[in-house]
Amino acid sequence: MSLSYEQKRDFRRGIMLRHRQLARAFAVYQTPSLFREPEDSQLARERSVGFFPKIQSAWSSPEEFLSAKAVRKGVHSVWYGGLPIDFELSKNRADILLVVFHGALELKTALPIFSGSNVASGLKVARLSFTDPSLYLSPELALGWHAGNVFQPDLQAVTSALIEKISSSVGAKRIILFGSSGGGFASLMQLPALPTATAVVSNAQTDIFRYHDFHVKKYLNTAWSGDREVFIKQNSHSAIQRIEMLNRVPRVYFLQNSTDTFHIAGHLNPFLEAARGRMRVSLLTDNWGSGHVAPPKRLFQATLSAVVQRDELTLRSLGFKPVIG
């Protein structure tokens, strides 16, 4: 007797539920610290830890993590300011560390989330994927740009220190920062702090205050108690201003949808103007759909593969053109 689609779906869901229950029970036994919130916890959103079939580690502070002798692959939670900085490391050793920042998420997305596994598949890299801790402040916040909050005002600097620690632990000689939209913003913001880093971004915001008012106000109200001036004082809102902090000339590969005129006029063009003489930027523009549409996955994969191999010929064949030498 054959099963209907609904019966097959319910059967698969039942198996997934039992797998998660077993994984969580094992995680509670193996790493009980994952389920202990600190006294200053600011969590206001459900946190789905214990479901990953990987080694999971919890750290009471960035200082504890940074003092560790080595960082093993798996899922890590570093508590800071009452919120967890959750990230996943895919390998113990690699010459290249690929750091992935996600952009806006659907509100129903379970956290933590670790992006980039598909586009990094087959690459000889260690993938390090971050979840934005500000999203734990409210189930109604979809975008935080990894730019911090009132409890973690220096999140970007702490993130830089975590990346450097992990890069050293895995033996990476180079760092590639990768993200789209709000994740692209986070990648660009890290460039001045990481001497060996190259950025690969798409449709990136380059100044939070140039983005749509609804999302900016939602972030400020949730993460900064509505205090715009306090946020501005952190110098965490503009990748254009951050260019002034560069003491080297980094490479940036920028993919931009040609119909996304909002981002071209308000984010890409001002960034290119500010980066003149300070960065080496190669730009690929194409039509991937109407508006804020990401490039196809195969283009991301081909781009990252060529950047990993430093294959400028392939990058030119994909359509990248130097706009700032």
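# Briefing: strands, a helix and charged pairs

The side chains of Glu106 and Lys108 meet in a salt bridge, with 3.9 Å between N and O, and this pair belongs to a predicted model. A search of the whole structure finds 5 salt bridges, and the points below look at some of these pairs together with strands β4 and β5, helix α3 and the residue Gly103.

**Charged pairs**

- Side chains of opposite charge can pair when their charged atoms come close.
- In the pair of Glu106 and Lys108, Glu106 counts as exposed because its relative accessibility is 52%, where the cut-off for exposed is over 50%, and Lys108 also counts as exposed, at 73% relative accessibility.
- Glu312 forms a salt bridge with Arg251, and the closest N and O atoms of this pair are 3.6 Å apart.
- Because Glu312 lies in helix α10 (residues 312-318) and Arg251 in strand β8 (residues 251-257), this pair ties together parts that are 61 residues apart in sequence.
- Glu312 counts as partly exposed, at 29% relative accessibility, whereas Arg251 counts as buried, at 16%, since buried means under 20% relative accessible area.
- Arg47 and Asp86 also meet through their side chains in a salt bridge, at 2.8 Å from N to O.
- Arg47 lies in the loop between α1 (5-30) and β1 (56-59) while Asp86 lies in strand β3, so the pair ties together parts that are 39 residues apart in sequence.
- Arg47 counts as buried at 12% relative accessibility, and Asp86 is buried with a relative accessible area of 0%.

**Strand β5 and its partners**

- Strand β5 covers residues 126-130, and because 5 of its 5 residues are buried, the strand is largely enclosed by the rest of the structure.
- Both faces of β5 are covered, with Ala126, Leu128 and Phe130 buried on one side and Arg127 and Ser129 buried on the other.
- Strand β3 (residues 83-89) is joined to β5 by 3 bridges, and these two strands run antiparallel, with Glu88 standing opposite Ser129 in β5.
- Strand β4 (residues 96-101) is joined to β5 by 5 bridges, and here the two strands run parallel, with Leu97 standing opposite Ala126 in β5.

**Strand β4, between the two pairings**

- In β4, 6 of the 6 residues are buried, so this strand is largely enclosed by the rest of the structure.
- The side of β4 to which Ile96, Leu98 and Val100 point is opposite to that of Leu97, Val99 and Phe101, and all of these residues are buried.
- Besides its pairing with β5, β4 pairs with strand β6 (residues 174-180) in the parallel sense, over 6 bridges.
- Val99 can be followed into both partner strands, because its bridge partner in β6 is Leu177 and its bridge partner in β5 is Leu128.

**Gly103 in the loop after β4**

- Gly103 lies in the loop between β4 and β5, and this residue is buried, with a relative accessible area of 14%.
- If residues up to four places away in sequence are not counted, Gly103 touches Ala142, Leu143, Ser180, Gly182 and Gly183.
- Gly103 and Asp40 are 63 residues apart along the chain, and their C-alpha atoms are separated by 27 Å.

**Helix α3**

- Helix α3 (residues 155-170) has 16 residues, which at 1.5 Å a residue should span 22 Å, and this agrees with its end C-alpha atoms, which are 22 Å apart.
- The expected span is 1.5 Å times one less than the number of residues, which means that the step is not counted for every one of them.
- The helix is mostly covered, since 12 of the 16 residues of α3 are buried.
- Among the buried residues of α3 are Leu155, Val158, Leu162, Ile163, Ile166 and Val170, and the list also includes Gln156, Thr159, Ser160, Lys165, Ser167 and Ser169.
- After α3 comes Gly171, a residue whose phi is positive, near 80°.

How values were computed
Residues numbered from 1 in each chain as written. Predicted model: local features only at pLDDT ≥ 70, side-chain atom pairs only at ≥ 80, totals over all residues. Heavy atoms only, no water. Buried < 20%, exposed > 50% of the residue type's maximum accessible area, 1.4 Å probe, protein only. Helix = DSSP H or I, 4+ residues; strand = E, 2+ residues; numbered from the N terminus. Pairing = 2+ DSSP bridges. Salt bridge = Lys/Arg side-chain N within 4 Å of Asp/Glu carboxyl O. Contact = heavy atoms within 4.5 Å.
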